[in-house]
Structures are given as structure tokens and as C-alpha cells.
Amino acid sequence: MNTKVLTLLFILSLGYTYSQSTTNHIVTDQFGYRPDANKIAVIRDPQTGFDSNESFTPGNTYALVNASTNEQVFTAPPTAWNSGAEDISSGDKAWWFDFSSYTTTGTYYILDITNNLRSFEFEIKEDVYNEVLKQAVRTFYYQRVGFAKETPYAEPNWVDGASHMGSLQDTECRSYDAPNDPSTEKDVSGGWYDAGDYNKYTNWTSNYIYEMLLAYEENPDVWGDDYNIPESGNNIPDLLDEAKWGMDHLLKLQNDNGSMIAVVSESHASPPSSATGQSLYGGVNSSSTWNSASTFAYGAKIFRAMGMNAYANTLEQAALNAWNWATANPDVVWRNNDAANGSRGIGAGQQEVDDYGRAMYRLRAAAHLYEITTQEAFKTFFENNYAETHMITWNFVFPFESREQETLLYYTTISGASDSVIDDIITRYSSSMNSNEINFSSFDNKIDPYMAHLDTYTWGSNNIKAKKGLTFYNIKEYTLNPSRTEDAEKAAENYIHYIHGVNPMNLLYLTNMYAHGGDRCANQIYHAWFDDGTDWDETGVSLYGPAPGFVPGGANPSYDRDQCCNSSCGSAANDALCDAISITPPKGQPDQKSYLDFNNNWPLNSWSISENSCGYQIAYIRLLSKFVSTSNATLSVNSPRISNKLVLYPNPARNIIRVKLPGNISTTDYKLTVTSIIGKKLIEIDMQDRIDVSRLNPGMYIIKVANANKSFSQKFILQ
């Protein structure tokens, strides 16, 4: 996209072509809302922070205006949040304009009639997030290491050759402690740039792949085969193609004895293909090996279901090899970049975990190995150790341990899991969500005027926002509390709205989405490719700006310049960098305003604010996918994904079988029956997601789900 087109997009996004002026005081989801979703615009009056001088008094009546006809289709007075009190986390007073009852598809904006001020335009339609999801997933394609980004898959502004494929780079990678020894060379190519840095960390790569697989299994019908990546059209959902790209790299990091290399350190340049420095791989550790065992095992299940049996067999064996090595070597620690604890000086982030972290990776590996092998030893290990998780010992569900909590929830779906363990996990999760003040209480009591409460804002707060949304959605995903399912879905979707612009910055926390429905996007992120001063630096200022769809870290009240700025950074030129721009914001602001759209390097250290991460990305993708309509990308009839059938799992089952209707069909008014293969009715109930079949004898059965208009049926085997 050239500079003139970008300028035009900015002019249009600011509303200069309309008689009313756009304002940052009316914030909405910049993409829009599903027709049946809660739809609430927030009107803000800044009290504290960098914009405290921008006072605003809303008019008495607000209107939802059809942008095509300028007709006011819905009007209502705004309602003061918390009786007009200031919110400490945002520094704002706020009002809500609730137009949830209006469901007609179209393009709209919110108008303050008295002040003649309006919001950005947005859409109301069922598939309002489909294109957004596609662009968010495509960021992994742009993050691929050792893979050329070429048209027609890469947009012209972000074309680049394959990076880190030169002499002594990824295909000829050597050990960190023997960089001149050819005998240590290994092919560690593939994978993704982890974040704004190009290094590849096994623990984190494994987590990203795992969450891709989880996102797919949770909602298989939303994932298309048309995301315009090189694998598109191969009859496999593109999300799984991307997961396999990462998995193939992970397999290369496994040694013959089953252990996993912890990190690959890469050189940096912009664009990535111009990086020429030597690649180095680190040592092995137990945490990466157990973590990879869980991802290999889960991948074996998912890819076997796709008909890829040979690949699934490879993954299953890799999982068992990893488990066996880590069991024999449970306490191998390898720190790549931690000066206080024996750093080896490679990579940027610290991938190693503590004792609890290793125990949790081991627990997850046991769950998935039990699922694919049915070996009792894995079940015994899991059930003897699951109570060590903080969710059980603290009776506390919180987003900073969403991964561990979801390991427990996933186990409740595995055929053969003990009923007592299942009941304990479900009871603890439900109890914490109902009783702890950061969970349903925060939703019920409307703690946050922007409707996406966090009790703690840290580095990577957008990641925590997404994970917090997932903690709510799990109530629906695992059918934990039917009386609160609707509230859980609403609460979860509010965290999507926050990332899409319902925040005190009126900022869409995705890069360069102007061509895909965004209005006020993140224009800069800290990233070696999109570095300060390069052609990809800032949308609308540099030649190209960053590629679309990347999630930056988010508000971080702990941000500060490097400590050297308080004394000396080594030279007058370096000292001058400390004051190159104002850092208020993000420094010294209310929590939700602790953000700045910048990408300056040391000593301003923007990475703690605006750096992307594949971890942030997949958490957002997974949450967003819950609110995406069924993909209209048709797969071949030979695909194991059949969109017009019930989804039953596990199948074969033992005690519990989970049932999902095709796509996003509502379960309202559906009845469920279980019959024998000769038609004898054995169970008849209202539609539920989780069915207890433990009283039935082993054999084949048919589940039928029907209402007055439609019916679906599917066979399952009870072991």
C-alpha cells in the first residue's frame, strides 16, 4: 500500500468526510458486533492521566445511526457508570450507551446528538470477525523462519526472502559452546520468530503449537482452508497447516535420546532475510522435553483425526521418547540468558521455568499421553499429582495460570478419567469462578467501565486480557455451570471488544488493520523487522509500516526507561536517546493508559510496551475464534472435517462423551437421545454438551439431536 493510499485511509478513518466530527470520547469495537451479542459503546470523560485536560460532558441522548442512510435507528440516554465515579484503573468517568437490542445487519456509528460528535463506523453482522481472525492467523506466516514470503501469499509491502538459511545458520547450526566445531552441526530450521526478536525458544514454541491444536479442537468448523498461505487449498485447515510448520521444527530439536534442545539463537536485521550472523543452539532441559512431549502427544491425536496416520505415529513416538528421557532426567535446568543464574548468553528471553513449571509441563504430558495410549501409568501419574496445581491448592482460577487450569479441564474430557478427579476439577473451577472477586463478581458488579476487568496490569497485559476472557469462556466450553453460560460468553466477548478499541486509548490493539476494518490501529510495534527507522517502522509515516494483525503487549504501568538514564548510558549520544521522545504516557499513568504507540530501542526500551509475541497472538486468536461464524471455505468431501455432522469426542468413549452441534448452531429447543444400534431408546434428555454414558454396556450406539426443524445423528463406540 503506497503512502497516498495510507493517507487517504487515515483521512477516512478520522471521519473528515462526515458532517459530524469523530471523537475519542465515544469508543466502540472498531470492527463491530455480532447481532445477538451485547453491544455497548463507552462514553469517556478523562479525569487522570495524559488526557485529563480533555474534559467531556455527554449529551442527553445518543443514537445508533445507519451509516448508509444517516437514519437514527435506535436512541437512548447514556447511563452513568458507577453513579458517575472515576475509575482508578483508567482515570476516566464513563457512561454506557447500550444498543444490544438492535440486531439488524449493517454499518453504523454512534452519535452524540447534542454535541454533534460521533464514533468510528462499525458493522453489525454475524461474521464480523471472520476477516480479523484470518489476518491474525496470517501473522504466523510472516513470523516463519527459513521460509520466503512471496506473492501472492505475502502482500507486496512485506515480501522477503527466506531468512537464516545461509552459511552457519539454521541448516548448519552449531552448539553455543562450540561455534567453530563442524561436528556439532544440526538442522534446526523452521519455526517462528518468537516475538520481536528472531530467536526460537522450545518451551514457548511448544506452547504456541499446543494452543493452535486446542483452538482447532474446541471449534473445528470455524477454521478455513483459504487464509492465503502456501498450504491453502490442501484440504487441511490453515491453522493446522501452521501448527504443522511449527511441529516440524520442534521434531528437529529432539535428540536421538528423546531430549529437547532448549533454544536456538538467531541474528537480527531488517528485513529478516538480510540477517547474516551465525545461528547457535543451546543445551537440553527437562522443562522443554516434558512440554514437547505434551505437544507431540496432542498433535498425534489431532493429525491422526485428519487422516495423517504416519505423521501421527511419528509424533506419538517422539512424545514417548521425550517422556522417557525427562522421567530419567527430571531436574535438568538450562538457563540461556539470566546473568544472575549462570547465563549462557544466547537468545533474548529466558525460557527456563522453576520446579512448579516443570511439574506442570509433566502433568500436561501425562494427560495427553494417557489419552492417546490409554496406558494406566500415565493416568496414575496425573491423578496422583493433579492436586499440586495452584488451582487446587489455592482454590483460585486466574489468568496467569490459564495453561495449567486448562490442563485440568482438558483431562475431564478424556475417556477413562476417574469420576472423582473429574468432579473435583469441575467443582474447584466452578467454585473459584463463582466466589473469587476477580471472576464472575467483577462481571456482575461491573467493576470496569470498559467491561474487561484485570486486577493486575503487567508486561503483556493484552495477553492476560485474552486469557482472562478464556477463563470465562471455559464455563461454556466445558459445560461447567449451565446457569451462567450466557454470562460467561458475554464476559469473554468483552475482552475481545477491549482489544478492538473499547479501552481508554480508543486504540485497536492490532497493527495496520486499516484495510480490514480498523480505524485507529497500533501503528508501531517493537520488532526487528519493523524496527525504528526502517521502511516498516510506522504505518502512515514510514514507507510500509508493520504487516497487519499483530497484537502488541499492551498497557504496562511498570514501564520505565533503562536505569542508565538516571546516571549515564555511556556517552553523550546515548544519554540524549533517553529524552528522544516523551514517555508520558506510558509512564506515570493509570493502569489502562500506560501505553504508547512507539518502538524505540534502548535505552527507551519500548519492548515492554509494544513488542508482539506469538504467545499474545495465539491467546487472542483462540479467544476471537469463539465468536467467529462457521467458515465458508469448503473442504473436500474426503476431509475428516464434515461440517454437517455432530462432533462427538472422545470417540471411542468410556464414561463421558461431549457433543457439539455443527458450526455455531444454538442448542435451544434441541432434544438428545441415545439409542442402541437397533433403535432402542436408552437416554432422552434436553440437549447438553457433556453426556454421562457410564451406565451403558460397551458397544456401538447412536446419538441423535433434533428439534422441530432439524436433526443430526452420529455413531459412537463405548469401550
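Start by selecting strand S2 (residues 26–27) together with S4 (residues 40–46): they pair in the antiparallel sense over two bridges. Keep in mind as you go that this is a predicted model.

**Stop 1: strand S4 and its neighbours**

Show the side chains of valine 27 and valine 42, because you can use them to line up the two strands: valine 27 stands opposite valine 42 in S4. Next, add strand S8 (residues 92–98). S4 and S8 pair in the antiparallel sense over seven bridges, and here alanine 41 stands opposite phenylalanine 97 in S8.

Now look at S4 from both faces. Which side chains lie on each side of S4, and are they buried or exposed? Ile40, Val42, Arg44 and Pro46 are on one side, Ala41, Ile43 and Asp45 are on the other, and all are buried. That makes seven of seven residues buried, leaving S4 mostly covered. In a regular strand the side chains alternate between the two faces of the sheet.

**Stop 2: strand S5, between two partners**

Move on to S5, residues 62–66. Five of its five residues are buried, so the strand is largely enclosed by the rest of the structure. Colour Tyr62, Leu64 and Asn66 in one shade, as they point one way from S5, and give Ala63 and Val65, which point the other way, a second shade.

Select strand S6 (residues 72–76) next; S5 and S6 run antiparallel and are joined by four bridges. For a landmark, pick valine 65, whose bridge partner in S6 is glutamine 72. The two strands form a hairpin with five residues between them, and in the turn you will find asparagine 70, with a positive phi of about 60 degrees.

Then bring in strand S9 (residues 106–112), which is also antiparallel to S5 and is joined to it by five bridges. Here the landmark is alanine 63, whose bridge partner in S9 is leucine 111.

**Stop 3: salt bridges**

The count for the model comes to 36 salt bridges. A few are worth visiting one by one.

Select glutamate 489 and arginine 34, whose side chains meet in a salt bridge at 3.9 Å, N to O. This pair links distant parts of the chain: glutamate 489 is in helix H14 (residues 485–499), arginine 34 is in the loop between strand S3 (32–33) and strand S4 (40–46), and they are 455 residues apart. Arginine 34 counts as buried, at 12% relative accessibility.

Next come lysine 593 and aspartate 92, with a salt bridge at 2.8 Å, N to O. Aspartate 92 takes you back to S8, while lysine 593 is in the loop between helix H15 (572–577) and helix H16 (607–610), 501 residues apart. Is this pair, lysine 593 and aspartate 92, buried or exposed? Both are buried.

For another setting, try lysine 252 and aspartate 187, where the closest N and O atoms are 4.0 Å apart. Lysine 252 lies in helix H4 (residues 238–252) and aspartate 187 in the loop between strand S12 (174–175) and strand S13 (200–201), so the pair ties together parts that are 65 residues apart in sequence. Lysine 252 is partly exposed at 33% relative accessible area, and aspartate 187 is partly exposed at 35%.

To finish this stop, select Glu211, Glu218, Glu406, Glu477, Arg622 and Lys626 together: salt bridges that share partners join them into one network.

**Stop 4: a sheet of four strands**

Look for the open sheet with the strand order S12-S15-S14-S13 and mixed pairing. Its edge strands are S12 and S13, each pairing on one side only. S12 runs parallel to strand S15 (residues 280–281), with two bridges joining them. Arginine 174 stands opposite leucine 280 in S15.

**Stop 5: helix H5**

Select H5, residues 286–305. Its 20 residues should span 28 Å at 1.5 Å a residue, and its end C-alpha atoms are 29 Å apart, which agrees. In H5, 17 of the 20 residues are buried, so the helix is largely enclosed by the rest of the structure. Just after H5, click on glycine 307, which takes a positive phi of about 85 degrees.

**Last stop: serine 442**

Zoom in on serine 442, in helix H12 (residues 440–444). Serine 442 is buried, with a relative accessible area of 6%. What does its side chain reach at 3.2 Å? The backbone oxygen of isoleucine 438. Leaving aside residues up to four places away in sequence, serine 442 touches Glu437, Ile447, His453 and Phe472.

Methods: Residues are numbered from 1 along each chain as its sequence is written. This is a predicted model: local features need pLDDT of at least 70, side-chain atom pairs count only at pLDDT 80 or more; totals for chains, interfaces and linings use all residues. Side-chain values use heavy atoms; hydrogens and water are left out. Buried means under 20% relative accessible area, exposed over 50%, partly exposed in between (1.4 Å probe, protein chains only). Two strands pair if DSSP finds at least two bridges between them. The expected span of a helix is 1.5 Å times one less than its number of residues. A polar contact is a pair of N or O atoms within 3.5 Å; within protein, one must be able to donate a hydrogen and the other to accept it, and residues adjacent in sequence count only if both atoms are side-chain atoms. Contact means heavy atoms within 4.5 Å.
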